[in-house]
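Colleague: I'm new to this, so could you zoom in on the inside of this model for me? Take your time and walk me through what packs in there.

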Amino acid sequence: MQLPIRPLACLAIATSAAFAAERPNILFLFSDDHACQAISAYPGGILDDLAPTPSIDRIAKDGLLFENSFCTNSICGPSRASILTGKHSHLNGFLDNGTQFDGYQQTFPVLLQEAGYRTAMIGKWHLGTNPVGFDHWEVLPGQGSYYNPDLKQMDGELKRYPGHCNDVVTDIALDQLKKSKDSDKPFMIMAQYKAPHRNWSPALRHVNLFDDVTFPEPDSLFDDYSNRSESLKGQTMSIKNDMYWGHDMKFHGESAYPEYFAKGLPNGEYRRMTDEQKAAWDAAYEPLNKEILAKIEAGEVTDKEVLQWKYQRYIKDYLRSIRSMDEGIGKILDELETSGLADNTIVIYSSDQGFYLGEHGWYDKRWMFEESFKMPFIIRWPGVIKPGTTTKSLIQNIDYAPTFLEVAGAEIPSDIQGKSLVPMLKESGKEPADWRDKLYYRYYGEAVHSVAAHDGIRTDRYKLMYFPETEEYNLFDLVNDPQEMKSVHHDPAMAQIFAEMKNELVATRDEYRASTAVIPVDRNQEDWWKKRQKAKNKQAAEAKHDLIFIGDSITQGWEGKGKAVWEKFYGDRKALNLGFSGDRTEHVLYRLDRGNLRGQQNAKAAVIMIGTNNTGHSQQDPVETADGISRIVSIVRARCPKAQILLLGVFPRGEQPDHPMRKLNVEINKLIAKHDGTERVHFLDIGETFLDENGVLPKSVMPDSLHLNEESYQLWAEAIEPKLKELGL
């Protein structure tokens, strides 16, 4: 189901044919984990001469290259969610790869559709839910596969394509270009490659590429992580210690040398190959494998030399996996030329984040260090951008959505956090006077690779990182220490800058609404809460429920003073109570994404009433509490895709109408009422049910002017019953 078309959009659609010639097409070419230092158009790369990227370089030659392009959160899914929404992770709700993306929130593809564009999504999606806002899509399930990949179709079926994934994405993109040319609408095509994501598996025509090359090693390959946060030593993404025998290093069988090559995680790509494909693979890898293993067995290599061998195996496979993608991009650019589409088509090349190519001894991403924080952004716009230009202006992936919307002549919603690049594009990279002077980054921590949660800001010269678990700051001078080898936060000479950067970090969090209300946090230090979380996860996993209640102590009270009313109204309706006493929005966010909704994909309805503890514990700004509630709505909508959501206004607290906390809750309700009528969401404020004719909250209804008794649970149930029946319960 698509979002309803707004009145403004109707006008846009009505005039789409007239503007088609004026409004450019947009072709968004996107990859996964492609580091800027592996693109020869970017300055200063040590790999450029040995592993050029000529097709990507064509876009830079004809357009504008951003040297300081960054992501908001250096993981695959979160970066993609920021691109779609123009918002940081804490507001779009996709904090890590274990999240489900709510495609029915505001996204630029939906807005482009409403503005009269034909939209298509091809390739890697990695957001857990189906794409929304596209006239055509076929996407890789999860991470997808390099060899003989399956792509999920719009009817939900999987279609297997023979060959290599890069070639498949290219072929489908070419087909979509031809279909779009025949349309009377301008188009937005997002062609998204899996490469060069781990495990870096090349097209078979490239398995011997670079066999005769020894790539230079990065200066920090043997980093010992001194002079920075202790948390750096706890990561598990080092080439030395954390690469697998099969998955990463391409050996068969069990690890013969676990001191060098981790056990487990076999090469799943090999198992997908045909016999012919396996033969070609083995012919390339097995001789080199036998050679290094013989040297290890004979004691002819040192530990350092084994690490250096692993680096060469890694970097060659990484670069090999890029080659077929670059070839495919060349074919797409050629098709634009031969079809006559090139002059009116904006072409962008980008990747979801950067990647470590041995810097600091690492592979992968996640850290705010430059190599993974940076992401490529190269754009050509014939007749607008001066060819061959570069800029050092600070941009971020939240800027893509407003840029695409302005290009399309569509209105940019005021809640988008990014800034349109169009003024900069028209001035060949020269930034407007009001352009930003700093960027905000936040990584929330995942079990994968054990990278510590951290956030921070970056200016054109300095970077401040904060690690909440250890309460550490790191400060880097990017001019004098571009490789970020030493934090100078303890340097007396940097005391003033350190203080200013800390103040700026606090101000930037506020600017981007990164409040406590939207950052998930547990209460596992409280034993009862931990036990209840575990019990509710078990209850959810063991049975499917039609009706789910989500909230704090007021909702938990259905198991106490409201128990008899619960049995009367919900006892035979397969209802699940997810109320936890004392919870604020951030606690609900934590538990909903960590098991409370497990197995509830077919739930019919969810009742949400949360926020009064945000008011009561700290009298939190209503805007912040409303942000947290919005994120809860998104999680439920994504994880319970069939559920109608009954969003209740926060119940009144405080006996008198002028009670400060009552007023805060009224303001919260005004803000969250905007969700009414959006996809599967129904807002209902039943607060007056509990008040007398003078707006007073009687103690007979809420004895402490907050919690309900049996009478008030009866009032609650009666007030929402008509709506539940309307929704099919």
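Modeller: Let's start with cysteine 76, which is buried, at 0% relative accessible area (buried is under 20%, exposed over 50%, partly exposed in between, using a 1.4 Å probe and protein chains only). Keep in mind that this is a predicted model, where local features need pLDDT of at least 70 and side-chain atom pairs 80 or more, while totals for chains, interfaces and linings use all residues. Residues count from 1 along each chain as its sequence is written, and side-chain values use heavy atoms, without hydrogens or water.

Cysteine 640 is buried too, at 1% relative accessibility. As for disulfides (two cysteine sulfur atoms within 2.5 Å), the structure has 0. Cysteine 76 is in none, and its nearest cysteine sulfur, on cysteine 71, sits 10 Å off.

Now for the largest nonpolar core (buried Ala, Val, Leu, Ile, Met, Phe, Trp, Tyr and Cys joined through side-chain atoms within 4.5 Å). It has 133 residues, and Phe108, Phe261, Tyr314, Tyr318 and Leu319 are the ones touching the most other members. Helix α10, residues 303-339, gives this core its largest share, 14 residues (helices are DSSP runs of H or I, at least four residues, numbered from the N terminus).

Pick out leucine 319: leaving aside residues up to four places away in sequence, it touches Ala38, Leu47, Ala51, Phe210 and Phe215 (contact is heavy atoms within 4.5 Å). Another core lies apart from this one, with 56 residues, including Val607, Val681, Met702 and Tyr713. In soluble globular proteins, nonpolar side chains tend to be buried together.

Definitions and conventions: Helix = DSSP H or I, 4+ residues; strand = E, 2+ residues; numbered from the N terminus.
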